[in-house]
Amino acid sequence: MAYRFGAFTLDPRTRRLLRGVDEVHLSPKAFDLLQVLIDERSRAVPRAELHQRMWPSTFVLDTNLASLVAEIRRALADSASSPRYVRTMHRVGYWFIGRISAEGVQHPAPAGPVKYWLVWETRQIALNTGHHIIGRAPDAGIWIDAAGVSRHHARLAVGDRATVEDLGSKNGTFVRGRRITAPHVLADGDQIRLGSVVVTFRIPPPAGSTDTVPPTYRHEAMKK
């Protein structure tokens, strides 16, 4: 079941937060916290309960929880002083106050066919035809909020082939360990380093393709 609120969709099945058809980055813990708050949206969830659910049998500082809430608010362009989605209930905990307008919604389809993918940690980011800005700025198509990544760090251009181009970033863009100074054509499996972040460019195999089983293996299987 997916949850839609405002311009966003939270899909627990694929562990993706979408703004329209664009993926919005959340760390795994922040995603889990947002899902808990949405699941329990009929009430304010006490901090002690959130600590137990997020870090069972582990002592952590309350600042850890506050940091995750701040990350969620940045992802949702929300405000602690005038919240639309996550309200701080002082001396109690946090309450998801956004209105869920649809549940069990269909998964939004990318605008155009997916030709390539970027893989970063647990995220798999679809790349359809067009230009994709990678960076720390909230308006970046591929939002990576990590140390050393510039607000508009690099641009991916997707057409008959895919290229990556540095946008004058402070720490540079590297492909296969080499700093690029001009648009660089990408190949399947290329690792792109942006600041402290490494993402992998992937070209999916043709739909319906099947690995060929060696004749010897088929012969042995038929004998069993």
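**View 1. Helix H1 lies across a sheet of three strands.**
In this predicted model, helix H1 covers residues 28–39 and lies across S5, S6 and S7. If you follow the helix and strand S7, you'll find that H1 runs at about 70 degrees to S7. The sheet underneath the label "S5-S7-S6" is an open one, and its pairing is antiparallel. Who sits at the edges? Strand S5 (45–46) and S6 do, and each of them pairs on one side only. Look next at S6 and S7, which run antiparallel and are joined by 4 bridges. One residue to pick out is Thr88, whose bridge partner in S7 is Tyr94. As a general reminder, strands of a sheet pair through backbone hydrogen bonds, either parallel or antiparallel.

**View 2. Tyr85 and Phe96 stack their rings.**
The count for this model comes to 6 aromatic pairs. In this one, the ring centres of Tyr85 and Phe96 are 6.3 Å apart and the planes are at 20 degrees; planes under 30 degrees apart count as stacked, so this pair is stacked. Tyr85 lies in the loop between helix H3 (62–75) and strand S6 (86–89), while Phe96 belongs to strand S7 (residues 93–96), so the pair ties together parts that are 11 residues apart in sequence. Are these two residues buried or exposed? Tyr85 is buried, with a relative accessible area of 7%, and Phe96 is buried too, at 2%. Ring pairs also bring in Phe5 and Phe8, which join Tyr85 and Phe96 in a cluster.

**View 3. Tyr116 and Phe201 make a tilted ring pair.**
Here the distance from centre to centre is 5.1 Å, with 45 degrees between the planes. Which strands hold the two rings? Tyr116 lies in strand S9 (residues 114–120) and Phe201 in strand S19 (residues 197–202), so the pair ties together parts that are 85 residues apart in sequence. Tyr116 has a relative accessible area of 8%, so we call it buried. Phe201 is buried as well, with a value of 1%.

**View 4. Five strands form an open sheet with mixed pairing.**
Read the strands across the sheet and you get the order S12-S11-S13-S14-S17. Strand S12 (142–143) and strand S17 (184–185) stand at the edges with a single partner strand each, so one side of each has no neighbour in the sheet. Within the sheet, strand S11 (residues 130–135) and strand S13 (residues 154–158) run antiparallel, and 5 bridges join them. To find one of these partnerships, start at His132: its bridge partner in S13 is Leu156.

**View 5. Thr173 is a buried residue in strand S15.**
Strand S15 spans residues 173–175, and Thr173 has its place there. How accessible is Thr173? Its relative accessibility is 0%, so it counts as buried. The side chain of Thr173 makes a polar contact with the side chain of His153, at 3.4 Å. Leaving aside neighbours within four places in sequence, Thr173 is in contact with several other residues, including Ala154, Val164, Asp166, Ile180 and Leu194. Arg193 is also among the contacts of Thr173, and this arginine leads on to the last view.

**View 6. The charged end of Arg193 sits over the ring of Phe174.**
What is the distance between the charged end of Arg193 and the centre of the Phe174 ring? The answer is 4.1 Å.

Note on methods
Residues are numbered from 1 along each chain as its sequence is written. This is a predicted model: local features need pLDDT of at least 70, side-chain atom pairs count only at pLDDT 80 or more; totals for chains, interfaces and linings use all residues. Side-chain values use heavy atoms; hydrogens and water are left out. Rings of Phe, Tyr and Trp (its six-membered ring) pair if their centres lie within 6.5 Å; planes under 30 degrees apart count as stacked, over 60 as edge-to-face and the rest as tilted. Helices (H or I, at least four residues) and strands (E, at least two) are DSSP runs, numbered from the N terminus. Buried means under 20% relative accessible area, exposed over 50%, partly exposed in between (1.4 Å probe, protein chains only). A charge sits over a ring if NZ of Lys or CZ of Arg is within 6 Å of the ring centre and within 35 degrees of the ring normal. Two strands pair if DSSP finds at least two bridges between them. Contact means heavy atoms within 4.5 Å. Axes are lines fitted to C-alpha atoms, for helices over the stretch in contact, and angles run from 0 to 180 degrees between N-to-C directions. A polar contact is a pair of N or O atoms within 3.5 Å; within protein, one must be able to donate a hydrogen and the other to accept it, and residues adjacent in sequence count only if both atoms are side-chain atoms.
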